[in-house]
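This report describes one protein chain and moves from selected charged pairs to the chain as a whole. The sequence and the structure are shown first.

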Amino acid sequence: MNSITLETIQRRRAEVGKQLSDLDALRAELESELGDLAATERTFARMGGAERITASAPVGQPEAVARGDATKPATTTEMILQVFREMGRGMEPREVTDAIEAKGWGPVNRDALRTRIWHLAKDKKLAK
């Protein structure tokens, strides 16, 4: 009979955490590229004499680019890092979420934000 051990569960949990971290990094890269492509598309359309591209963003485009909001970071990671730079160290995830919402950057998923903060701290990209 195949039994599950605590070590097996812990190893799987670490693997899933690593995969999530890798996916977060890939998503940040893709969101950045998507914003760059949208800006390039608008510039190209203006320079080529084509009709102006509408303000509505294609599906999947970061909300900040879609709204033309220059103050909102394009990714959740950038939002977290900016809040930590402005507010200082030692913030709890709830305080970060409240600060993001207070800035008008929209509602955020508290669980996803807490996970992202944990990964940033674990990767030493965030001084807690």
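In this predicted model, the side chains of E31 and R27 meet in a salt bridge, with 3.0 Å from N to O. Both residues belong to helix α1, where they sit four residues apart, about one turn of the helix. The two partners differ in their cover: E31 has a relative accessibility of 14% and is buried because this value falls under the 20% limit, whereas R27, with a relative accessible area of 54%, is exposed because this value is over 50%.

**Salt bridges between helices**

A pair that links distant parts of the chain is formed by D24 and R116, whose closest N and O atoms are 3.2 Å apart in a salt bridge. D24 lies in helix α1, which covers residues 6-47, while R116 lies in helix α5, and 92 residues separate the two in sequence. Helix α5 itself spans residues 110-122.

How accessible is R116, and is this residue buried or exposed? With a relative accessible area of 9%, R116 is buried, because the cut-off for that class is under 20%. D24, by contrast, is partly exposed, with a relative accessible area of 23%, so this residue falls between the 20% and 50% limits. When neighbours within four places in sequence are left aside, the contacts of R116 are with D24, T77 and I80; the salt-bridge partner D24 is thus one of the residues in that list.

The side chains of D98 and R110 also meet in a salt bridge, at 3.1 Å from N to O. This pair, too, links distant parts of the chain, since D98 is in helix α4 (residues 93-102) and R110 is in helix α5, with their positions twelve residues apart. D98 counts as partly exposed at 34% relative accessibility, and for R110 the value is likewise 34%, which again counts as partly exposed. Salt bridges that share partners join D98, E101 and R110 into one network.

The three pairs described here are set out below; by the rule applied, the salt bridges in the model come to nine.

| Salt bridge | N to O distance | Helices |
|---|---|---|
| E31 and R27 | 3.0 Å | α1 and α1 |
| D24 and R116 | 3.2 Å | α1 and α5 |
| D98 and R110 | 3.1 Å | α4 and α5 |

**A nonpolar patch on the surface**

Apart from the charged pairs, V16, L20, L23, L26 and L30 form a nonpolar patch on the surface, and together these residues have about 420 Å² of accessible area. One of them, V16, lies in helix α1 and is partly exposed, with a relative accessible area of 32%. V16 can belong to the patch on this count because membership asks for over 30% relative accessible area.

**The chain as a whole**

The protein chain contains five helices and zero strands, and from the N terminus on its elements run α-α-α-α-α. Of its 128 residues, 24% count as buried, a class that includes R116 and E31. The chain exposes about 9400 Å², of which carbon and sulfur atoms supply 55%. Among contacts in the protein chain with a separation of 6 or more, 40% are accounted for by residues 24 or more positions apart.

Conventions: Residues numbered from 1 in each chain as written. Predicted model: local features only at pLDDT ≥ 70, side-chain atom pairs only at ≥ 80, totals over all residues. Heavy atoms only, no water. Buried < 20%, exposed > 50% of the residue type's maximum accessible area, 1.4 Å probe, protein only. Contact = heavy atoms within 4.5 Å. Areas by Shrake-Rupley, 256 points an atom, 1.4 Å probe, with all protein chains shown as cover. Salt bridge = Lys/Arg side-chain N within 4 Å of Asp/Glu carboxyl O. Patch = residues over 30% accessible without salt bridge, like charges linked within 9 Å, V, L, I, M, F, W, Y side chains within 5 Å.
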